[in-house]
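Student: I'd like a close look at a single part of this model, please. Start wherever you like, and then take me outward from there to the rest.

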Amino acid sequence: MRRTAAAVVRKDLLLELRTKETVPAMALFAVTTFVVFHFGLNRGSVAGDLAAGVFWVTLLFAAMLGINRLFVAEREQGGFDAFLLAPTDRTALLAAKAAALFVFLSVLELIAVPAFALLLLDPSPWPALPGLIGLLALANVGIAVIGTLASALAIQTRARDLIAPLLALPLLIPVVIAAAKATTPLLLAGGPGDVAARWPLILGLYDVVFALTAYAVFDFLLED
Amino acid sequence: MYGKGLRALSLATTVVLTAAFALVFFYAPNDADQGFVQKIFYIHVPMAIVALCGFIAGGVMAIAHLRTRAQKWDMRSYVAIHLSLILGVGVLLTGAIWAKASWGHWWVWNEPTLVSFLIIFLLYACYQPLRFSIEDPERQARYASVFAVVAGAFVPLNFLAVRLAQAYTHPRVLGTTGGNLPGDMRFTFLVALAGMVLLFVTLWKYEMASKHATMQLRALRRKLAGEEEPVRATGRTAAPAATLHARPDTH
């Protein structure tokens, strides 16, 4: 299974490197959203809970673009059939797609975090960075798992671009709650404060629960 | 099969619900701070409990469907979720009325149970569009079951996250639903809860009986027609019974 998953991840990353269809669009969307927030909030800089909210909402909506496109190549060019014909464990596709989405999100954040710091953030981003990287990693796992599941559920429907965000957004609200609450003290105007341990724990619990749930049900999405 | 005992159940539901309303209006005392309006509690909270249990039951039935592949389990899960959604609308409406009466606003964000319920309701509101936009009936059942399982797992986790988020500023005890009610209020609440559970089960059985009968009727018609005429599903429906593959199962 590990070799299959690695092969699919390699295929996805290669495809993205050559076509540059998803990640640049996500990054551009995130930067544009920061600009929109600047005008929408009518503020030159943000800090504390407002900064955390703007940051996570932007990341979440940018992630939706990636989630929408995650299985499009499989659906349109027969990748599903090919995968089903291959004598491999179907869970490998879940692992591979979640890993690919995780990489996409990480690359997106490599662009979005500096852009946010430059465009909107009031305090210096450096002291918050170690904590922020940990939170981003935890949140990315959750977004990648739920995103893969929602995308796989929506891809066979007639209105997939509508269904995937509608499914993924409510499912990701606990991630937003925990991530925004945990990020708020990191982005305070007077320098970072302490993060309550419960929020990373909630994120970790969420990741574990939904990774297991996805593992249990994903096979059923890939029959026929 | 689903019609069995339906008359007795309907009668029991009517009796218990009537008794519950009588108790609410004539037996339970008015709340000391909120007065008469607090009585909406006896409808709002049982409805919320039943709706949440219905969502989770839908998830459990979906697991049974995925394990056995029997169409009846998908139908059961669909009906449970569909009824819970209807109850969910009632929960949000009564919750809003109660919030307006006791806090002066139609919606308050510092009531974690209601906020969690809204999030869960928004998630389950996608159940029908998801089903509706998949054409192949077998795949429709499978995808809907996967959704029901994932959403069922989401229900407790979401409650935990929202409650913790509120506890940060508003400390509160776990278990707001009648943890420390006085005896007569607790009794009324329990009767109202029993009435709501009976109502849910009765409606569930009615809908199942109707779907089952439609399905069998369609199968018989098809048999009469000598399997030549293709039987069309009537209208645009997301309901699982109206499929071409419906066979008279041997329940």
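Tutor: Happily. A helix here is a DSSP run of H or I that is at least four residues long, and helices are numbered from the N terminus. Please keep in mind that this is a predicted model.

Let's begin with B:Ala194, which sits in helix α7 of chain B, residues 183-224. Is B:Ala194 buried, exposed or partly exposed? A residue needs 20 or more other C-beta atoms within 10 Å to be buried, and 12 or fewer make it exposed. B:Ala194 has 17 C-beta neighbours inside 10 Å, so it counts as partly exposed. Its C-alpha lies 8.7 Å from that of B:Ala20, although 174 residues of sequence separate the two.

Now for the chain around that residue. Chain B contains seven helices and zero strands, and 39% of its 251 residues count as buried. Among contacts in chain B with a separation of 6 or more, 78% join residues 24 or more positions apart.

From here we can cross to the other chain. The contact between the chains takes 26 residues from chain A and 24 from chain B. On the chain A side, the elements giving two or more residues are α7, α8 (160-183) and α9 (198-217), and α8(A) gives the most, with ten. That side of chain A divides into 18 nonpolar, three polar and five charged residues.

Nonpolar residues also lead us to the largest nonpolar core, which has 142 residues; A:Ala150, A:Leu153, A:Ala179 and B:Phe147 touch the most other members. Helix α7 of chain A, residues 129-155, gives the most to this core, with 15 residues. Leaving aside residues up to four places away in sequence, A:Ala150 touches A:Ile67, A:Ala164, A:Leu167, A:Ala168 and A:Leu171.

Finally, here is a helix pair within chain A. Helix α2 (residues 23-41) and helix α6 (residues 91-119) of chain A pack at about 25°, with axes 9 Å apart. Angles under 35 degrees count as roughly parallel, which is why α2(A) is described as roughly parallel to α6(A). Their crossing is right-handed. Residues making the contact include A:Met26, A:Val31 and A:Phe34 of α2(A), and A:Phe104, A:Ile111 and A:Phe116 of α6(A). In this contact, 14 residues are nonpolar, one is polar and none is charged.

Technical notes:
Residues numbered from 1 in each chain as written. Chains lettered and ligands numbered in written order. Predicted model: local features only at pLDDT ≥ 70, side-chain atom pairs only at ≥ 80, totals over all residues. Core = buried A, V, L, I, M, F, W, Y, C linked by C-beta atoms within 7 Å. Contact = placed C-beta atoms within 7 Å. Axes fitted to C-alpha atoms, helices over the stretch in contact; angles between N-to-C directions. Parallel < 35°, antiparallel > 145°, perpendicular 65-115°, else oblique. Left-handed = near helix turned anticlockwise from the far one by under 90°. Nonpolar A, V, L, I, M, F, W, Y, C, P; charged D, E, K, R; others polar.
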